[in-house]
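Here are some notes for a colleague who is opening this entry for the first time. Please keep the sequence and the structure at hand while reading the points below.

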Amino acid sequence: MGGMVVLGSLLAAALLARPVQAQDPITTLLGMINQARVSQGLPPYALNEALTRAAQRHAEDMATHNFVDHTGSDGSSAVSRILEAGYGVYTFGPVVGENIYGGVGGPDVPFTWWMNSSVHRANILHEKYREIGIGVAVGSNGWTYWTLTFGAQPNVLPVFINDGAGITDSPQVTLTLTEEKIAPQGDGLAIGQPSQMRASTQPDFPNAEWQPWAARTPFTLEPVAGPQTVYVQLMDPQGRTSLTWATITLTEE
């Protein structure tokens, strides 16, 4: 696969740990990962469907065949699984990575192990990855098998409201933007590092003026309780644009 770019080390871990916790493991693990990133001044990871399909495929494969390795039982690699799931690719190749774990325990167990391993921690706190997929499956041996897939793809620059919070009791929020650090000059028609942005609760951006790009930008929601989507349009110095959005629920004061 000529010109392929793979960031991050692909290593396995198989350790015994504590019993599984009775809660949604994917939501819990994503929260742990994003809290760790925010604490280091990094934007959260956006959960991506293609990366999640690849991660779930490998977690189920490991659980079915009781093994912990980046090479699947069908000979697939982390990169091939991610590409087969339909994840976007730069003209010079994919930018992806993977963490795996197998053992007894809930999401805090693999998270702690990964954070204590320099190569796995590097994937979780990677400055250039922007998206993540999470897969989890339980094997007949009682072990839980976990797969994290990481990536960045052209023209996809996620935005987060209040660092990915689901609800807010104030219309005054903060937008966290991600950067194009893989191809800052752009990649063909895909946007490079943005220099300008505009935001609105409406997708056609009425009365929303362009302003200099900033990693963290204050924004005011509509004064109406309920779910609200904030749309952000980005533009680089060459005039290439990208659209992204995020949703948060404004509660009654």
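1. In which sense do strand 3 and strand 5 pair, and over how many bridges? Strand 3, and strand 5 with residues 144-152, pair in the antiparallel sense, and the pairing runs over nine bridges. Please bear in mind throughout that this is a predicted model. One place to begin looking is Gly103, which stands opposite Thr144 in strand 5.

2. Strand 3, which covers residues 95-103, is mostly covered, with nine of its nine residues buried. Val95, Gly97, Asn99, Tyr101 and Gly103 point one way from strand 3, while Val96, Glu98, Ile100 and Gly102 point the other way, and all are buried. As a general matter, the side chains of a regular strand alternate between the two faces of the sheet.

3. Helix 4 deserves a separate paragraph: six of its eight residues are buried, and it is therefore largely enclosed by the rest of the structure. The buried residues of helix 4 are Asp108, Val109, Pro110, Phe111, Trp114 and Met115. They pack against helix 1, strand 3, helix 5 (118-124) and strand 5, and so the pair of strands discussed in point 1 is met again here.

4. The axes of helix 1 (residues 25-39) and helix 4 (residues 108-115) come within 9 Å and cross at roughly 30 degrees. Because angles under 35 degrees count as roughly parallel, helix 1 is described as roughly parallel to helix 4. The crossing of these two helices is right-handed.

5. On the side of helix 1, the residues that take part in this contact are Leu29, Met32, Ile33 and Ala36, and they meet Asp108, Phe111, Trp114 and Met115 in helix 4. The residues of the contact divide into seven nonpolar, no polar and one charged.

6. Elsewhere in the model, five strands form an open sheet, in which the order is 7-13-12-9-10 and the pairing is mixed. Strand 7 (167-168) and strand 10 (211-212) are the edge strands, each of them pairing on one side only. In general, the strands of a sheet pair through backbone hydrogen bonds, either parallel or antiparallel.

7. At one edge of this open sheet, strand 7 pairs with strand 13 (residues 241-250) in the parallel sense, over two bridges. A reader who wishes to locate this pairing may start from Ile167, whose bridge partner in strand 13 is Thr249.

How values were computed. Residues are numbered from 1 along each chain as its sequence is written. This is a predicted model: local features need pLDDT of at least 70, side-chain atom pairs count only at pLDDT 80 or more; totals for chains, interfaces and linings use all residues. Side-chain values use heavy atoms; hydrogens and water are left out. Two strands pair if DSSP finds at least two bridges between them. Helices (H or I, at least four residues) and strands (E, at least two) are DSSP runs, numbered from the N terminus. Axes are lines fitted to C-alpha atoms, for helices over the stretch in contact, and angles run from 0 to 180 degrees between N-to-C directions. Angles under 35 degrees count as roughly parallel, over 145 as roughly antiparallel, 65 to 115 as roughly perpendicular and the rest as oblique. A crossing is left-handed if the near helix is turned anticlockwise from the far one by less than a right angle, and right-handed if clockwise. Contact means heavy atoms within 4.5 Å. Ala, Val, Leu, Ile, Met, Phe, Trp, Tyr, Cys and Pro count as nonpolar, Asp, Glu, Lys and Arg as charged, and the others, Gly among them, as polar. Buried means under 20% relative accessible area, exposed over 50%, partly exposed in between (1.4 Å probe, protein chains only).
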